[in-house]
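Please find below my notes on the model, set out as numbered points. They start with one strand and its hairpin and then turn to sheet, cores and helix packing.

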Amino acid sequence: MRILIVEDDAEAAQYMVKAFREAGHQADQTGDGLAGYQQACEKLYDVLIVDRMLPKLDGLSLIGGLRAQKIETPVLILSALGQVDDRVKGLRAGGDDYLPKPYAFSELLARAEALARRKPPGAAEETIYRVGGLELDRLAHKLTRDGKEIVLQPREFRLLEYLMKHAGQVVTRTMLLEHVWDYHFDPQTNVIDVHVSRLRAKIDKGFDPPLLHTIRGVGYMIRDADH
């Protein structure tokens, strides 16, 4: 998932960024409410983690501003203010969850992942995936990188679609066998390596930077240069 952390405590923010990335997620961070509001308006995130007490724009005002703009990205509020009234105010301001400080990262991770699984009422399945200059249109069955069309075989398209759906996350060989090939067999088979090699030659050769990465001993990840 893609996470934006809005936290003015630099040490706490960097800890969260590092921990989320180690858990296989993409994480950005900003240190004040106004910058967080602008970034949340400009980029697509699965979850926002917002400290309540922020410089320039407090957390509740940030959330209220997003909701006024019809931006329904789930928000988890972090706050040292943990009384019932404080939690109620946070939820009524448009927050989706409220976690008092201090907290255990394992709980923060579980709550963030639960929020990311939610979809707003009536939300449609995403039809276009973008990573760096790579754009995959599921409905048109079309792939481009930096505006140049790339032709894929059906299995290559399914493989890339799954990788891009989980951009920034490690995708294991077993996951690919189950979701792209639709059956289970020895994960040591080289069928995945062959297809990944062909796919890499098409989407990365002649382009910079490379987007498709092998995570040795684990699987594969597609990510842009910023993560």
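1. In strand β6 (residues 128-131) the side chains alternate: Y129 and V131 face one way and are buried, whereas I128 and R130 face the other way and are not. Buried means under 20% relative accessible area, with a 1.4 Å probe and protein chains only. Strands (E, at least two residues) and helices (H or I, at least four) are DSSP runs, numbered from the N terminus.

2. The model is predicted: local features need pLDDT of at least 70, side-chain atom pairs count only at pLDDT 80 or more, and totals for chains, interfaces and linings use all residues. Residues are numbered from 1 along each chain as its sequence is written, and side-chain values use heavy atoms, with hydrogens and water left out.

3. Strand β7 (residues 134-137) pairs with β6 in the antiparallel sense through 4 bridges; strands count as paired if DSSP finds at least two bridges between them. I128 has D137 of β7 as its bridge partner. The hairpin of β6 and β7 has 2 residues between the strands, and G132 in this hairpin takes a positive phi near 60°.

4. An open sheet of 3 strands follows the order β10-β12-β11, with antiparallel pairing. Its edge strands, β10 (171-172) and β11 (212-215), each pair on one side only. Between β10 and β12 (residues 219-222) there are 2 bridges, and V171 has Y220 as its bridge partner in β12.

5. Helix α6 (residues 154-165) lies across β10, β11 and β12, at about 70° to β12. Helix α8 (residues 191-203) also packs on the sheet, touching β11 and β12, and its direction makes about 150° with that of β11. Angles run from 0 to 180 degrees between N-to-C directions, with axes fitted to C-alpha atoms, for helices over the stretch in contact.

6. The largest nonpolar core has 28 residues, and L160, L176, I203 and I222 have the most contacts inside it. Such a core is a set of buried Ala, Val, Leu, Ile, Met, Phe, Trp, Tyr and Cys residues joined through side-chain atoms within 4.5 Å. α6 gives the most to this core, with 6 residues. A second, separate core of 18 residues includes V47, L78, F105 and L109.

7. Helices α1 (residues 10-22) and α5 (residues 105-117) pack at about 65°, with axes 11 Å apart. Y15, M16, A19 and F20 of α1 meet F105, L108, L109 and A112 of α5, where contact means heavy atoms within 4.5 Å.

Notes:
Buried < 20%, exposed > 50% of the residue type's maximum accessible area, 1.4 Å probe, protein only.
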